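Let's take a walk through a protein model together, starting from the outside and working inward. Have a look at the sequence and the structure first.

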Amino acid sequence: MNTRSLIFLVLSFIAFDPSNAKQEQPFSINIDNFLDKIYLWGTEAQSQILISGPLVLAGVLCFIASAISSAGGIGGGGLFIPILSIVAGLDLKTASSLSAFMVTGGSIANVMCNMCITSLKFGGKSLIDYDIALSSEPCMLLGVSLGVICNLVFPEWLITVLFAIFLAWSTSKTCRSGLMLWKAESDEIEKIGVDELEKGLLENETVEERKVYKENNEPKNVEVAVPLLSPQGNRKVRIPWLKLVVLLLIWFSFFSVYLLRGNRYGQGIIQMEPCGVGYWILSSVQIPLAVVFTAWIVFRKERLRDRTLMQEITDVKVPALTKNRPSNILLFPSMALLAGILGGVFGIGGGMLISPLLLQVGIKPEVTAATCSFMVLFSATMSALQYLLLGMEHVEAALILATMCFVASLLGLLVVQRAIRKYGRASIIVFSVSTVMFVSNVLMTSFGAIKVWTDYESGEYMGFKLPC
């Protein structure tokens with residue numbers, strides 16, 4: 001977009017701004033005001049476009065953060081926001097809006113790769129567990145809205161303390177899981193070698209049996225159910241279009257509520273009193289939406305399971321994605337609701353919060369990373385579109401940063417996948433999640449502590465507040 005086009009858009013915006021129409025005659029233009037505003041806009045734009053050392057450093061750090069985050073399937077918002085705020089010197093509102101686009105760019109790269117990749121370890125299936133995403137997404141979106149309200153009510157010091165405690169606990173748990181998985185992988189590699197581990201170990205076959213097969217060079221007579229495996233020589237990825245349509249319907253339903261409601265300052269597509277009765281009625285609509293979607297998904301899933309699951313468990317010898325899931329049907333919606341609430345309270349995406357929870361309940365690291373990145377895509381695109389439609393500034397910078405994170409995520413994902421294939425260690429994903437969580441905890445806690453101290457020194461109110 002050239003300079004003339006930008007000037008034309010700015011002039012048009014000023015001329016047709018409803019707030020200006022109340023004070024001036026329609027389509028009347030004050031030339032002096034125009035020149036002043038154009039001058040201010042030009043100087044502001046130059047200060048934003050100029051490339052400085054801190055801005056370049058922040059870009060490099062965000063590139064590295066995106067590459068590491070993509071390995072664990074998490075968005076990386078917990079790293080982007082403090083980097084842009086502390087290193088580049090951007091205000092929190094601008095950093096948050098840019099972070100939403102950056103997370104979106106990285107998530108698109110992750111989902112594109114994961115949807116096109118199958119794993120022999122899981123019977124030729126895609127690594128994305130669409131069932132977990134379906135049962136979790138409504139509650140996660142509801143949790144984010146509830147968390148945002150809590151963020152407005154809670155004092156800054158309480159948010160900082162809660163963030164530090166929860167992320168420290170999650171980091172220690174995830175790191176411990178990674179160490180245990182690393183030890184188990186080392187034992188497996190010692191006994192059967194990397195080559196066998198890469199091919200995907202069969203769940204019902206013992207290590208001793210594999211060792212005997214390898215020493216005697218005997219072929220393995222294993223019966224595998226055909227539906228779980230792609231046709232030989234033509235391994236196609238089967239995309240569950242019905243589940244994708246339902247996920248898009250969930251996304252569109254919540255997004256429509258957000259657009260109609262607007263924010264607490266009255267910015268929306270319809271005229272509504274900020275934080276009035278209509279605002280809270282539309283906000284409460286999200287609760288029945290989440291309940292109806294979750295109940296329908298869980299009921300349909302249980303009905304299908306009653307018909308087919310017992311036969312599949314009896315016949316199938318390949319470790320399917322569902323074999324390691326907990327039996328509690330409300331576990332994933334509950335975890336998603338908790339992750340969404342905490343994500344809204346802390347001002348970050350839910351991917352970094354739900355990923356350690358999935359690992360703790362026994363979901364494989366590869367499946368956890370792919371599924372989390374898939375879920376993050378929905379929440380990140382919703383945030384990015386809200387910023388865009390409600391008058392976000394610096395759109396070009398946001399798109400550039402999103403493209404940068406797209407490339408970084410592709411690079412990080414390819415490197416990690418090659419390392420897993422070469423060394424047979426899925427624990428790399430767990431350690432990536434632990435690293436991002438640890439660094440995010442240090443940065444976000446330090447950033448929050450500085451803000452709390454500044455508020456205390458300036459004598460600002462440090463207690464609970466009203467949401468409006």
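What follows is a short tour of the surface, a helix and the core.

Before we start, keep in mind that this is a predicted model, where local features need pLDDT of at least 70, side-chain atom pairs count only at pLDDT 80 or more, and totals for chains, interfaces and linings use all residues. Residues are numbered from 1 along each chain as its sequence is written, and side-chain values use heavy atoms, with hydrogens and water left out.

Let's begin on the surface. Val-56, Leu-57, Val-60, Leu-61, Ile-64 and Ile-68 make a nonpolar patch of about 460 Å². To be in such a patch, a residue needs over 30% relative accessible area and no salt bridge, and nonpolar side chains (Val, Leu, Ile, Met, Phe, Trp, Tyr) are joined within 5 Å, while like charges are joined within 9 Å. A salt bridge here is a side-chain nitrogen of Lys or Arg within 4 Å of a carboxyl oxygen of Asp or Glu. Accessible areas come from the Shrake-Rupley method with a 1.4 Å probe, and for residues only the protein chains shown count as cover. Leu-57 sits in helix H4 (residues 53-72); helices are DSSP runs (H or I) of at least four residues, numbered from the N terminus. Is Leu-57 buried or exposed? Neither, quite: its relative accessible area is 45%, so Leu-57 is partly exposed. Buried means under 20%, exposed means over 50%, and partly exposed is in between.

Now for two buried residues. Thr-104, in helix H6 (residues 92-115), counts as buried because its relative accessibility is 10%. Thr-104 touches Leu-377, Ala-380, Thr-381 and Ala-384, leaving aside residues up to four places away in sequence; touching means heavy atoms within 4.5 Å. Phe-163 belongs to helix H8 (residues 156-198) and is buried too, with a relative accessible area of 3%. Though 182 residues separate Phe-163 from Val-345 in sequence, their C-alpha atoms are 8.7 Å apart in space.

Val-345 is one of the buried residues of H13, as is Phe-346. Just after H13 comes Gly-347, with a positive phi near 80 degrees.

Finally, the core. The largest nonpolar core (buried Ala, Val, Leu, Ile, Met, Phe, Trp, Tyr and Cys residues joined through side-chain atoms within 4.5 Å) has 81 residues, and Phe-346 and Ile-250 are among those touching the most other members. Helix H15 (residues 365-389) gives this core its largest share, eleven residues.

How values were computed
Helices (H or I, at least four residues) and strands (E, at least two) are DSSP runs, numbered from the N terminus. Buried means under 20% relative accessible area, exposed over 50%, partly exposed in between (1.4 Å probe, protein chains only).
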